[in-house]
Amino acid sequence: QVQLTEFGGGEVQAGAALTLSCTSSGRTFEHYASAWFRQAPGKEREFVAATARNGQSARYSEFAKNRFLVDTNGARDAVLLHMSNLKPEDSAIYYCATTRDLSDSPSGSASSYSYWGQGTRVTVSS
């Protein structure tokens, strides 16, 4: 069983930048697809960004384009989500996910991912 843990959440002011990280127990992210999703109170879980091929391939939701960047670290043992110009509507619990099997596709569908972290809360205040 792969366990994912998210780090980096917190409360920031609008316009600030924040970087989230996701680490895995017992397995690197190399050759797998990984993604970030988020869920705000009263809303459905939504796709944020995904990466595959050691960060060479990526997919972003429309709201994440130009503001968010998904990446992996050099050792390929962490998936990062760099967020900038944060807005109050970005407030949510952010979840990291990764595939069980090998994948070259940065899928935006939650059904593509088998392992999920417990989430880290991001609060953006005005």
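How many cavities of 30 Å³ or more does the structure hold? The structure, which is a predicted model, holds 1 such cavity. The legends below present the chain as a whole, then this cavity, and then selected residues.

**Figure 1. Overview of the chain, a predicted model with 0 helices and 11 strands.** Read from start to end of the sequence, the pattern is β-β-β-β-β-β-β-β-β-β-β. The radius of gyration is 13 Å, close to the 14 Å that the globule rule gives for 126 residues, so the chain is as compact as a globular protein of that length. Along the principal axes, the C-alpha atoms fill a box of roughly 40 × 25 × 25 Å. Of the 126 residues, 46% count as buried. Where contacts link residues at least 6 apart in sequence, 58% of these contacts join residues at least 24 apart.

**Figure 2. The largest cavity and its lining.** Rolling a probe the size of a water molecule over the atoms shows where empty space is left. In the largest cavity, this space amounts to about 40 Å³. The residues that line the cavity are F29, E30, Y32, S34, T51, A52, R53, N54, G55, T72 and R76. Sorted by class, the lining consists of 3 nonpolar, 5 polar and 3 charged residues. Two of the lining residues, S34 and R76, are the subjects of separate views.

**Figure 3. Surroundings of S34 in strand β4.** Strand β4 spans residues 34–39, and S34 is placed within this strand. S34 has a relative accessible area of 1%, and therefore counts as buried, since buried means under 20%. The side chain of S34 forms a polar contact of 3.2 Å with the side chain of T98. When neighbours within four places in sequence are left aside, the contacts of S34 are F29, A49, A50, T51, V79, A97, T98 and Y113. Among these contacts, F29 and T51 are also part of the cavity lining.

**Figure 4. Surroundings of S57 in strand β6.** S57 belongs to strand β6, which covers residues 57–60. With a relative accessible area of 19%, S57 is buried. Its contacts, apart from neighbours within four places in sequence, are A50, T51, A52 and P106. Of these, T51 and A52 also line the largest cavity.

**Figure 5. G117 beside residues from other parts of the sequence.** G117 is located in the loop between β10 (115–116) and β11 (120–125). The relative accessible area of G117 is 11%, and the residue is buried. How far apart in space are G117 and L4, C-alpha to C-alpha? The distance is 4.5 Å, although the two residues are 113 residues apart in sequence. Leaving out residues up to four places away in sequence, G117 touches L4, E6, Y95 and C96.

**Figure 6. Two loop residues with positive phi, R76 and N85.** R76 is not a glycine, yet its phi is positive, at about 60°. The loop that holds R76 runs between β7 (68–72) and β8 (78–83). At 24% relative accessibility, R76 is partly exposed; R76 also lines the largest cavity. N85 likewise is not a glycine, and has a positive phi of about 45°. N85 is found in the loop between β8 and β9 (92–98). Its relative accessibility is 41%, which places N85 in the partly exposed class.

Technical notes. Residues numbered from 1 in each chain as written. Predicted model: local features only at pLDDT ≥ 70, side-chain atom pairs only at ≥ 80, totals over all residues. Heavy atoms only, no water. 1 Å grid on protein atoms, 1.4 Å probe; cavity = no way out; pocket = protein on both sides within 12 Å on 5 of 7 lines; lining within 4 Å. Points joined across faces, edges and corners; volume = space filled by probe spheres on them. Nonpolar A, V, L, I, M, F, W, Y, C, P; charged D, E, K, R; others polar. Helix = DSSP H or I, 4+ residues; strand = E, 2+ residues; numbered from the N terminus. Buried < 20%, exposed > 50% of the residue type's maximum accessible area, 1.4 Å probe, protein only. Polar contact = N/O pair within 3.5 Å; in protein donor to acceptor, adjacent residues only side chain to side chain. Contact = heavy atoms within 4.5 Å. Rg over C-alpha atoms; globule rule 2.2 N^0.38 Å.
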